[in-house]
Amino acid sequence: MPFWDLQRQLGIDVDRWLLRQSMAQPYGKAGACHAFEREWVECGHGLGQTRARRECQPEYEDFMECMHRTKL
């Protein structure tokens, strides 16, 4: 619900795990991979799941590389 944060009031975590980097971070700083996650979410927004997997593959790969730190 937009006006009442019912999940926070009840202490349940249903869908906050979906966007870990977009959550409120300590000290108000963005997460390390926030930019990559944002690109991936913006690319897939409004597309169907099958089409988003095909068209947003480069953004998803960049996000996973950042999360797993494979190319640092």
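**Exposed helical residues, two disulfides and one salt bridge in a four-helix chain**

At a relative accessibility of 57%, R53 counts as exposed. The structure described here is a predicted model. R53 is found in helix α3, and its C-alpha lies 9.9 Å from that of C43, a residue 10 positions away in sequence. R54 likewise belongs to helix α3 and is exposed, its relative accessible area being 59%. The C-alpha atoms of R54 and G44 are separated by 9.8 Å in space, and the two residues by 10 positions in sequence.

The overall architecture of the protein chain is helical, with 4 helices and 0 strands. Read along the sequence, the order of elements is α-α-α-α. The protein chain has 72 residues, of which 11% count as buried. The area that the protein chain exposes is about 6,300 Å², and carbon and sulfur atoms contribute 56% of this surface. Among contacts in the protein chain with a separation of 6 or more, 24% involve residues that are 24 or more positions apart.

The structure contains 2 disulfides. When the bonded cysteines of the protein chain are numbered in sequence order, their pairing reads 1-4, 2-3. One of these links is formed by C33 and C66, with a distance of 2.0 Å between the sulfur atoms. The torsion about the S-S bond of C33 and C66 is -90°, and the link is left-handed. C33 is located in the loop between α1 (6–10) and α2 (34–44), whereas C66 sits in helix α4 (residues 57–68); the disulfide therefore ties together parts that are 33 residues apart in sequence. C33 is buried, with 4% relative accessibility. C66 also has a relative accessible area under the 20% cut-off for burial; at 19%, C66 is therefore assigned as buried.

The other disulfide joins C43 to C56, with an S to S distance of 2.1 Å. Because the torsion about the S-S bond of C43 and C56 is about -90°, this disulfide is left-handed. C43 is part of helix α2 and C56 of the loop between α3 (49–55) and α4, so the pair ties together parts that are 13 residues apart in sequence. The two partners fall into separate accessibility classes: C43 is partly exposed at 21% relative accessibility, while C56 is buried at 2%. C43 is also the residue whose C-alpha lies 9.9 Å from that of R53 in helix α3.

Helix α4, which carries C66, has 12 residues. From its first C-alpha to its last, α4 reaches 16 Å, close to the 16 Å expected at 1.5 Å a residue. Just after α4, the backbone of R69 adopts a positive phi of about 55°.

The structure holds 1 salt bridge. This interaction pairs R51 with E55, and the closest N and O atoms of the two residues are 2.8 Å apart. R51 and E55 are 4 residues apart in helix α3, so about one helical turn separates them. Both partners are partly exposed, the relative accessible area being 41% for R51 and 40% for E55. Helix α3 thus contains the salt-bridged residues R51 and E55, together with the exposed residues R53 and R54.

A nonpolar patch of about 280 Å² is present on the surface, made by L6, L10 and I12. Of these patch residues, L10 is found in helix α1. L10 is exposed, with a relative accessible area of 57%.

Conventions
Residues are numbered from 1 along each chain as its sequence is written. This is a predicted model: local features need pLDDT of at least 70, side-chain atom pairs count only at pLDDT 80 or more; totals for chains, interfaces and linings use all residues. Side-chain values use heavy atoms; hydrogens and water are left out. A disulfide is a pair of cysteine sulfur atoms within 2.5 Å. Buried means under 20% relative accessible area, exposed over 50%, partly exposed in between (1.4 Å probe, protein chains only). Contact means heavy atoms within 4.5 Å. Accessible areas come from the Shrake-Rupley method with a 1.4 Å probe; for residues, only the protein chains shown count as cover. Patches are made of residues with over 30% relative accessible area and no salt bridge: like charges are joined within 9 Å, nonpolar side chains (Val, Leu, Ile, Met, Phe, Trp, Tyr) within 5 Å. A salt bridge is a side-chain nitrogen of Lys or Arg within 4 Å of a carboxyl oxygen of Asp or Glu. The expected span of a helix is 1.5 Å times one less than its number of residues.
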